[in-house]
Amino acid sequence: MEIFKLNDMKQGWYAGNFTPTSYNTDLFEACYRTHPAGEIWDMHYHEDITEINLLVSGKMILQNTKLGSGDIFIIKPYEIADPE
């Protein structure tokens, strides 16, 4: 068994093709991260990986879709992540 600390990961990203990571893979990325209300972050996309997200609490709009607590949303390669 291996044990990792979320605080040791970069901005909450704990699985993917980067360092440090608890699980190295080029197939997907996983993260536990908090964003304060009103935070602005850039539109982006990935060419090769699928991004799997869980909105633990709060709400957001992505791809003109309202998301809320408990929603799991998957962004596939070349899909645009455009948070509002």
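Select His46. In this predicted model, His46 sits in the loop between S2 and S3. Show its surroundings, leaving aside neighbours within four places in sequence. His46 then has contacts with Glu29, Glu51, Pro77 and Tyr78. Now add Ile61 and draw a C-alpha to C-alpha distance. His46 and Ile61 are 15 residues apart in sequence and 19 Å apart in space.

**Next stop: Tyr78**

Step from His46 to one of its contacts, Tyr78. Tyr78 belongs to the segment after S6. Is Tyr78 buried or exposed? Tyr78 is exposed, because its relative accessible area is 52% and the exposed class begins over 50%. Check the backbone too. Tyr78 has a phi near 70°, a positive value in a residue other than glycine.

**Backbone outliers**

Most residues other than glycine have a negative phi, and most peptide bonds are trans. Keep that in mind for the next two selections.

Select Gln11. Gln11 is in the segment before S1. Its phi is positive, about 55°, although Gln11 is not a glycine.

Now select Thr19 and Pro20. Which form does the peptide bond from Thr19 to Pro20 take, cis or trans? The bond is cis, with omega near -5°. Pro20 is placed in the loop between S1 and S2.

**Along the S1 to S2 loop**

Stay in this loop and select Gly16, which also lies between S1 and S2. How accessible is Gly16? Gly16 has a relative accessible area of 0%, so it counts as buried, a class that takes in values under 20%. Show its contacts, again without neighbours within four places in sequence. Gly16 touches Thr21, Tyr23, Asn24, Thr25, Phe28 and Glu29. Glu29 is also among the contacts of His46. For a long span, draw a line from Gly16 to Leu67. They are 51 residues apart in sequence, and their C-alpha atoms are 24 Å apart.

Move on to Asp26. Asp26 is found in the loop between strand S1 (13-15) and S2. Asp26 is partly exposed, with a relative accessible area of 48%. The value falls in the partly exposed class because that class ends where exposed begins, over 50%. Beyond neighbours within four places in sequence, Asp26 is in contact with Asn17, Asp48 and Ile49. Add Glu51, another contact of His46. Asp26 and Glu51 are 25 residues apart along the chain, and their C-alpha atoms are separated by 11 Å.

**Back to the S2 to S3 loop**

Select Pro36, in the loop between S2 and S3. This is the loop that holds His46. Pro36 counts as exposed, since its relative accessibility is 56%. Now pick Gly58 as a partner. The C-alpha atoms of Pro36 and Gly58 are separated by 9.6 Å, with their positions 22 residues apart along the chain.

**The largest pocket**

Rolling a probe the size of a water molecule over the atoms shows where empty space is left. Turn on a pocket display. The largest pocket has a volume of about 930 Å³. Which residues lie nearest its centre? Select Arg33, Thr34, His35, Trp41 and Met60. They belong to a lining of 35 residues. Colour the strands that give two or more residues to this lining: S2 (28-31), S3 (50-54), S4 (59-62) and S6 (72-75).

**Zoom out**

Switch to cartoon and show the whole chain. How many helices and strands are there? The protein has zero helices and six strands. From the N terminus on, the order is β-β-β-β-β-β. The C-alpha atoms fill a box of roughly 40 × 25 × 20 Å along the principal axes.

Colour by burial. Buried residues make up 25% of the 84 residues. Then draw the surface. The accessible surface comes to about 6,500 Å², and 53% of it belongs to carbon and sulfur atoms.

Colour by charge next. There are 6 positive and 13 negative charges, and the mean positions of the two sets are 8 Å apart.

Last, open a contact map. Take the contacts with a separation of 6 or more. Residues 24 or more positions apart account for 22% of them.

Note on methods
Residues are numbered from 1 along each chain as its sequence is written. This is a predicted model: local features need pLDDT of at least 70, side-chain atom pairs count only at pLDDT 80 or more; totals for chains, interfaces and linings use all residues. Side-chain values use heavy atoms; hydrogens and water are left out. Helices (H or I, at least four residues) and strands (E, at least two) are DSSP runs, numbered from the N terminus. Buried means under 20% relative accessible area, exposed over 50%, partly exposed in between (1.4 Å probe, protein chains only). Contact means heavy atoms within 4.5 Å. Accessible areas come from the Shrake-Rupley method with a 1.4 Å probe; for residues, only the protein chains shown count as cover. Lys and Arg count as positive and Asp and Glu as negative; His and the chain ends are not counted. The place of a charge is taken as NZ of Lys, CZ of Arg, CG of Asp or CD of Glu. On a 1 Å grid over the protein atoms alone, a cavity is a set of points where a 1.4 Å probe fits but cannot get out, and a pocket is an open set with protein on both sides within 12 Å along at least five of seven lines; lining residues have an atom within 4 Å of a point. Grid points are joined across faces, edges and corners, and a volume is the space filled by probe spheres set on the points.
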